[in-house]
Amino acid sequence: MHTRPCLGIFNSRILFALALCSIGAFLSIFALAATTPSSGTLTDVSGALTFTGGPYLVANPSSQATGVPTCNAVLPCDEYALTVSGLSAATTASKYIRIEIHWPELGEAQFDLYLFEGTTATGHIIAQNLGNQTYVDPDVVLIPAVNGLYTLRIVPFNPQGLSIDGTIS
């Protein structure tokens, strides 16, 4: 019995494994993209905070099932840790915090914005702005100006390769 010798890189198993690893590495770059910066602190004197995220190539429609988006390597999301501290009694009695994300207009591109009190692992959703089968840009939520820790979750529902810009004031 005569066997055909393997020619190193031309072995079909090796080529297939290499292709799978390359695709996985490529997709993980975009699935695990993070906001820049990843956190900020809002105070009476800090002024507005800004951040960016993306570009997003993979859609995440997971919130359609339970109302809370799943975020992992397959269903990407971005998060931004917000600390609100040092607000005066006058500010907390009369002001709101405005959180906005926006993106370039392109077809029916859509992002969803969720705000958790605390972290996404231990907190709960206190505000959200979701596309409702129509083009919504920007996504905006208002919350009472209260000192605390919050997490913004940006979900690329129909991203079309776009990036987002965010502002907190």
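**View 1. Tyr-56 and Phe-111 are both buried.** This is a predicted model. The two ring centres of Tyr-56 and Phe-111 lie 5.3 Å apart, with the planes at 65 degrees. Planes over 60 degrees apart count as edge-to-face, so the Tyr-56 and Phe-111 pair is edge-to-face. The pair links distant parts of the chain. Tyr-56 sits in the loop between strand S2 (49-53) and helix H2 (63-66). Phe-111 belongs to strand S5 (residues 110-117). In sequence, Tyr-56 and Phe-111 are 55 residues apart.

**View 2. Trp-103 pairs with Phe-111 in a tilted arrangement.** The centres of these rings are 5.0 Å apart. Their planes meet at 55 degrees, so the pair is tilted rather than edge-to-face. Trp-103 has 4% relative accessibility and therefore counts as buried. For Phe-111 the value is 0%, so Phe-111 counts as buried too. The cut-off behind both calls is under 20% relative accessible area.

**View 3. Tyr-56, Trp-103 and Phe-111 make up one aromatic cluster.** Phe-111 takes part in the pair with Tyr-56 and in the pair with Trp-103. A search of the whole structure finds three aromatic pairs.

**View 4. The largest nonpolar core holds 26 residues.** Five of its residues touch the most other members: Leu-82, Ile-99, Leu-152, Ile-154 and Ile-168. Several strands each give two or more residues to this core. They are S2, S3 (78-84), S4 (96-102), S5, S7 (139-144), S8 (148-158) and S9 (164-168).

**View 5. Ile-168 and the residues it touches.** Neighbours up to four places away in sequence are not counted here. Ile-168 touches Leu-42, Ala-48, Leu-49, Phe-51 and Tyr-80. Contacts of Ile-168 also include Leu-82, Ile-97, Arg-98, Ile-99 and Leu-152. Leu-82, Ile-99 and Leu-152 are, like Ile-168, among the core residues that touch the most other members.

**View 6. The whole protein chain has three helices and nine strands.** From the N terminus on, the order is α-β-β-α-β-α-β-β-β-β-β-β. The protein chain has 169 residues, of which 32% count as buried. Among contacts with a separation of 6 or more, 77% come from residues 24 or more positions apart. The accessible surface comes to about 9700 Å². Carbon and sulfur atoms account for 62% of that surface.

Technical notes. Residues are numbered from 1 along each chain as its sequence is written. This is a predicted model: local features need pLDDT of at least 70, side-chain atom pairs count only at pLDDT 80 or more; totals for chains, interfaces and linings use all residues. Side-chain values use heavy atoms; hydrogens and water are left out. Rings of Phe, Tyr and Trp (its six-membered ring) pair if their centres lie within 6.5 Å; planes under 30 degrees apart count as stacked, over 60 as edge-to-face and the rest as tilted. Helices (H or I, at least four residues) and strands (E, at least two) are DSSP runs, numbered from the N terminus. Buried means under 20% relative accessible area, exposed over 50%, partly exposed in between (1.4 Å probe, protein chains only). A nonpolar core is a set of buried Ala, Val, Leu, Ile, Met, Phe, Trp, Tyr and Cys residues joined through side-chain atoms within 4.5 Å. Contact means heavy atoms within 4.5 Å. Accessible areas come from the Shrake-Rupley method with a 1.4 Å probe; for residues, only the protein chains shown count as cover.
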